[in-house]
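Work through these exercises with the structure open beside you. Each task is followed by a stepwise solution.

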Amino acid sequence: MEENWDVVVVGAGPAGSTAANEIAKAGFSTLLIERDKSPGRFNSCGGGIGYFLKELFDLPEEIVLAEISKVKLELGDAEKTYVSPKPLYISILRYQFDKFLAERAASNGAALLLNTKALDYDPLHKTLTCLNRETRTRVRFTARLFIFADGCRTLAWKCCKVGLPADKPLLIGIARELTAPGHDMDAYEFIFDEIKLPYGYFWVFPKGDTINVGVGGPVRHVRGRIDQMLEDWLATRPELRDLPCEHRTSGLIPGYIADKLHGAGVMAVGDAGGFLNPLTGGGIFLGMKSAQLAAGTAIEALSAGRFDSHFLARYTHRVKFGPIYSSVKFFDFLVKWSQNYREKKGKPMLGYVFRAYSDMMFHLLQVIKDI
Ligand SMILES: Cc1cc2nc3c(=O)[nH]c(=O)nc-3n(C[C@H](O)[C@H](O)[C@H](O)COP(=O)(O)OP(=O)(O)OC[C@H]3O[C@@H](n4cnc5c(N)ncnc54)[C@H](O)[C@@H]3O)c2cc1C
């Protein structure tokens, strides 16, 4: 395999494959490296995303397992249901979704290298050292630009202090796929139980013949207890508690967008850059959006032959002066405000903030096509 590339993208999750796809489509030589044998096989996720992503990212019907037009919020004793004339969410399986996105990037010209783990990045020589996990041999790649899309624990931070810092607080989530052929669940449910889980929520939504359930919250509040929390909550739902679990995942979720998203020859996208909605913990949409912004900047950089930090700052500016950052900052403020309010006044607020957010999103999702 060629060892010098225009762009090397590390990580074939939704963000990495989106970036690789756009850059390869523009005609630049692009290598997409993934540590697993098949993209998405072990990626932790519930798999619920906004319906508008289907059109925005041209997702095929085959990978959409359910279209969901009903959303139910449970806030202690109160409940609110939203029913929309058109779908609000879709559910997907990550091993199908990620595989589709990676293969699409490959069909548009990116070289997809699976089972290869990036071990080290040398910013001075613009060299990435990887391990071929099958042959146990090391291989080095050089490129004019590197895009890190390797999740929360990104190599970009370790090697050049770009992306999500390794020592900052994170959220954690677990999700289970329950086998339920013929079930009649049709709503995406968000359950706030601010006594058992003051700073997070449980979720349930349909996904073909399965039902996805899970829970997420800040690591410092749920560490070591999160599995039991889900067990206890499932015990309160007789229709779910005895269903066999066919797949379970758990993983870290970034807490905020990183301060430094680029450096000389480097950009961080998706979880590696901390892109998530702080209210829902969803990161797929913002991860793919960040990848599009980074890919646009990469194409300009390759056309101009400029890979210095000053030029790549265009990416950070596009993020930080665009709608992504202002909405994330606003949601982050709401989450922190509700946490402070609870700590000072002992009154749970997160669920109510989420309800206000849902009221807004319900209307927005009817018309939203992109941000
Ligand atoms: C339990 C749970 C439930 C969630 N549910 C949802 C949800 O329903 N909806 C939603 O929008 N978001 C959800 N999220 C968040 C979502 O999963 C992430 O935000 C999203 O996957 C980020 O995409 P990404 O491409 O940036 O990173 P990832 O999906 O993490 O992809 C990174 C890729 O890089 C690869 N990689 C990592 N290190 C290396 C390396 N050194 N060398 C080579 N390859 C490497 C990994 O194998 C992986 O394929 C959930 C998260 C958790 C933990």
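**Exercise 1: A strand with two partners**

In strand β13, which residue is the bridge partner of E74? Then describe how β5 pairs on each side.

*Solution.*
1. The model is a predicted one. In β13, E74 has I191 as its bridge partner.
2. Strand β5 covers residues 70–75 and β13 covers residues 187–192; the two run parallel, with six bridges.
3. β5 also pairs with strand β6 (residues 78–83), again over six bridges, but in the antiparallel sense.
4. Within that pairing, K72 stands opposite T81 of β6.
5. β5 and β6 form a hairpin with two residues between the strands. G76 takes a positive phi there, near 60°.

**Exercise 2: Another hairpin**

Find the strand that pairs with β9, and say in which sense: parallel or antiparallel?

*Solution.*
1. β9 (residues 116–122) pairs with β10 (residues 127–132). The sense is antiparallel, over six bridges.
2. To check the register, look at T116: across from it in β10 is N132.
3. Four residues separate the strands of this hairpin. In the turn, K126 has a positive phi of about 50°.

**Exercise 3: One face of a helix**

Compare the span of helix α3 with its expected value. Then locate its buried residues.

*Solution.*
1. Helix α3 spans residues 94–107, which is 14 residues.
2. At 1.5 Å a residue, the expected span is 20 Å; the end C-alpha atoms lie 19 Å apart, so the two values agree.
3. Buried here are R94, F97, D98, L101, A102, R104 and A105.
4. These residues cover an arc of only 155° around the axis, so they sit on the same side of α3.
5. Their cover includes α1 (14–25), β2 (30–33) and β8 (111–113).
6. After α3 comes G109, with a positive phi near 115°.

**Exercise 4: The largest nonpolar core**

How many residues does the largest nonpolar core have, and which have the most contacts inside it? Why does it lie between two domains?

*Solution.*
1. The core has 103 residues. V8, A19 and I147 have the most contacts inside it.
2. Helix α8 (residues 284–304) gives the most to this core: 10 residues.
3. Domain 1 (1–46 + 93–165 + 256–321) and domain 2 (48–92 + 171–253 + 344–371) both give residues to this core, so it lies between them.
4. Take V8 as a close-up. Leaving out residues up to four places away in sequence, V8 touches L31, I33, L128, F141, A143 and F146.
5. As background, nonpolar side chains tend to be buried together in soluble globular proteins.

Conventions: Residues are numbered from 1 along each chain as its sequence is written. This is a predicted model: local features need pLDDT of at least 70, side-chain atom pairs count only at pLDDT 80 or more; totals for chains, interfaces and linings use all residues. A nonpolar core is a set of buried Ala, Val, Leu, Ile, Met, Phe, Trp, Tyr and Cys residues joined through C-beta atoms within 7 Å. A residue is buried if 20 or more other C-beta atoms lie within 10 Å of its own, exposed if 12 or fewer, and partly exposed in between; C-beta atoms are placed from the backbone. Domain bounds come from an automatic or database domain assignment. Two residues are in contact if their C-beta atoms, placed from the backbone, lie within 7 Å. The expected span of a helix is 1.5 Å times one less than its number of residues. The arc is that of the directions from the helix axis to the C-beta atoms. Two strands pair if DSSP finds at least two bridges between them.
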